[in-house]
Amino acid sequence: MRILVMGGTWFLGRAVVNGALARGWEVTTFTRGRSGVPVAGAVAVHGDREQPSDLTALAAHGPWDAVVDTSASELAPRTVLDGAKVLAPQAQRYVYISTVSAYRGWPDEPLSVESEVLDGPPDADADYGRLPPDWTGPDYYYGRQKAGAERAVLAAFADRASVLRPGVILGPGEYVGRLPWWLRRAERGGAILAPGGPARTIQPADVRDVAQFALDQAAESGLQIHNVTAPLGRETWGGFLDACLRTTGSTGRLVWAPDEVLLNAGVQQWTELPLWRTHAGAWAVDSSTAFAAGFRSRPLVETVADTWAWLQQGNLPVPHPRWAEHGIDPAKETSILEKVS
Ligand SMILES: NC(=O)c1ccc[n+]([C@@H]2O[C@H](COP(=O)([O-])OP(=O)(O)OC[C@H]3O[C@@H](n4cnc5c(N)ncnc54)[C@H](OP(=O)(O)O)[C@@H]3O)[C@@H](O)[C@H]2O)c1
């Protein structure tokens, strides 16, 4: 197989490249050369997806059996459409990494691949769905952009496409700082504020498993649309945080705080206590079609252990603003712990 990875130097794209090379596939990557360094063994082409001439120059490196598009988290549907049109004559198939945020019901409702997808035209620009600064309602901007980008891929590749919708992705190389924060917090020890209760479920997928499934899909045929999360009900917060304690050799002690206590204390969901979200659908995504198509999801304890090993190596990615968004101020944590201990 000969594939083009849009991205390929950073987190998921890097895992896709490593996985493809391990399969003996030929890999071309396309990035601007800002995030990470190219993986040895891949042909690195540099250019900007927002520049038509760069896309034309990229197409000259084809043909490919498949494109795996991991670099469109912040690109407008129109940019994805322009690129997909240029690449359509040069590639048999397109695997687009979307997100569960493309569903209207996320994170409020349980979701399956049958759930309603947000609006978002395939040729929308970056302003589509943007909200006024004083907006306090639900923020569907990212989801609308990704839903539009999905339609852009289908406009160019029709039934030669896979659309994959992961939930949260964790694992070695995670630049967002979610699992790294919990690991560092566990390492620090003491009384550790744990959100909700130990039996509450959680569904992150390992970056390497998402990458392997994207590669499987590159070799597939027909239109395929799948959610990509850990199985419903398999992983719990208790198991996750225990794994963080064990992996780091922590002497810390988990102190579980009910949602209401955290909400009343003004703890920001998703960021201050990373991955904590009270919405009923945040971890209720049915990925059964992906499992039927061959997706394999390793136990979360392995993701935790391997991410800790990666952190210990000091291999942090380039500084990323999202890393600093994560974590609760120790004084705020202590004041909440005093209420629940
Ligand atoms: N992380 C998660 O938890 C999560 C969850 C669900 C879905 N997803 C989706 O998974 C995909 C991969 O996410 P990610 O976090 O691994 O990577 P990402 O931050 O979306 O993409 C970064 C990669 O794309 C390249 N890139 C960015 N803009 C570019 C441009 N204009 N032209 C050419 N290359 C460009 C970057 O290299 P240069 O900067 O060097 O150009 C880098 O290699 C995204 O589509 C995201 O929406 C992620």
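Are helices α5 and α7 parallel, perpendicular or oblique to each other, and why? Let's start there, everyone. What we have on screen is a predicted model, so please keep that in mind as I go through it.

Helix α5 covers residues 178-188 and helix α7 covers residues 237-248. Their axes lie 8 Å apart, and the packing angle is about 60°. Angles under 35 degrees count as roughly parallel and 65 to 115 as roughly perpendicular, and therefore α5 and α7 are oblique to each other. As for handedness, α5 passes α7 in a right-handed crossing. Who makes the contact? On the α5 side we find Leu 179, Trp 182, Leu 183, Ala 186 and Glu 187. From α7 come Trp 237, Phe 240, Leu 241, Cys 244, Leu 245 and Thr 248. Sorted by class, that contact has nine nonpolar residues, one polar and one charged.

Let me step back to the whole chain for a moment. The protein chain has 11 helices and 15 strands. Its radius of gyration is 20 Å, close to the 20 Å that the globule rule gives for 341 residues, so the chain is as compact as a globular protein of that length. If you prefer box dimensions, the C-alpha trace spans about 65 × 40 × 35 Å along its principal axes.

There is also a record to mention. UniProt, in an unreviewed entry, lists residues 3-214 as "domain: NAD-dependent epimerase/dehydratase". Over residues 3-214 the chain is 32% helix and 18% strand. The C-alpha atoms at the two ends of that stretch are 11 Å apart.

Back to helix pairs, then. Next up are helix α1, residues 11-22, and helix α6, residues 207-218. Their axes come within 8 Å and cross at roughly 60°, which makes α1 oblique to α6. The crossing of α1 and α6 is right-handed. The α1 residues in the contact are Phe 11, Leu 12, Ala 15, Val 16, Gly 19 and Ala 20. Facing them, α6 supplies Val 207, Arg 208, Val 210, Ala 211, Gln 212 and Leu 215. The class split for α1 with α6 is nine nonpolar, two polar and one charged.

My last pair is α2 with helix α3, the latter being residues 77-87. Here the angle is about 30° and the axes are 9 Å apart. Angles under 35 degrees count as roughly parallel, and α2 and α3 are therefore roughly parallel to each other. Their crossing is right-handed. In the contact, α2 brings Leu 55, Thr 56, Leu 58 and Ala 59, while α3 brings Asp 82, Gly 83, Val 86 and Leu 87. Those residues divide into five nonpolar, two polar and one charged.

Now for the backbone, with a bit of background. Most residues other than glycine have a negative phi, and most peptide bonds are trans. So which peptide bonds here are cis? One joins Gly 62 and Pro 63, with omega about 5°. Pro 63 sits in the loop between α2 (52-59) and β4 (66-69). Another runs from Trp 106 to Pro 107, with omega near 5°. Pro 107 belongs to the loop between β5 (94-97) and α4 (141-157).

And what about phi? Have a look at Trp 270, which has a positive phi of about 85° although it is not a glycine. Trp 270 is found in strand β14, residues 269-270.

That's my tour, so thanks for listening, and I'm happy to rotate the view for anyone.

Definitions and conventions. Residues are numbered from 1 along each chain as its sequence is written. This is a predicted model: local features need pLDDT of at least 70, side-chain atom pairs count only at pLDDT 80 or more; totals for chains, interfaces and linings use all residues. Side-chain values use heavy atoms; hydrogens and water are left out. Axes are lines fitted to C-alpha atoms, for helices over the stretch in contact, and angles run from 0 to 180 degrees between N-to-C directions. Helices (H or I, at least four residues) and strands (E, at least two) are DSSP runs, numbered from the N terminus. Angles under 35 degrees count as roughly parallel, over 145 as roughly antiparallel, 65 to 115 as roughly perpendicular and the rest as oblique. A crossing is left-handed if the near helix is turned anticlockwise from the far one by less than a right angle, and right-handed if clockwise. Contact means heavy atoms within 4.5 Å. Ala, Val, Leu, Ile, Met, Phe, Trp, Tyr, Cys and Pro count as nonpolar, Asp, Glu, Lys and Arg as charged, and the others, Gly among them, as polar. UniProt positions are given in the numbering used here, feature names are shortened, and annotations may be inferred rather than shown by experiment. The radius of gyration is taken over C-alpha atoms; the globule rule is 2.2 Å times the number of residues to the power 0.38.
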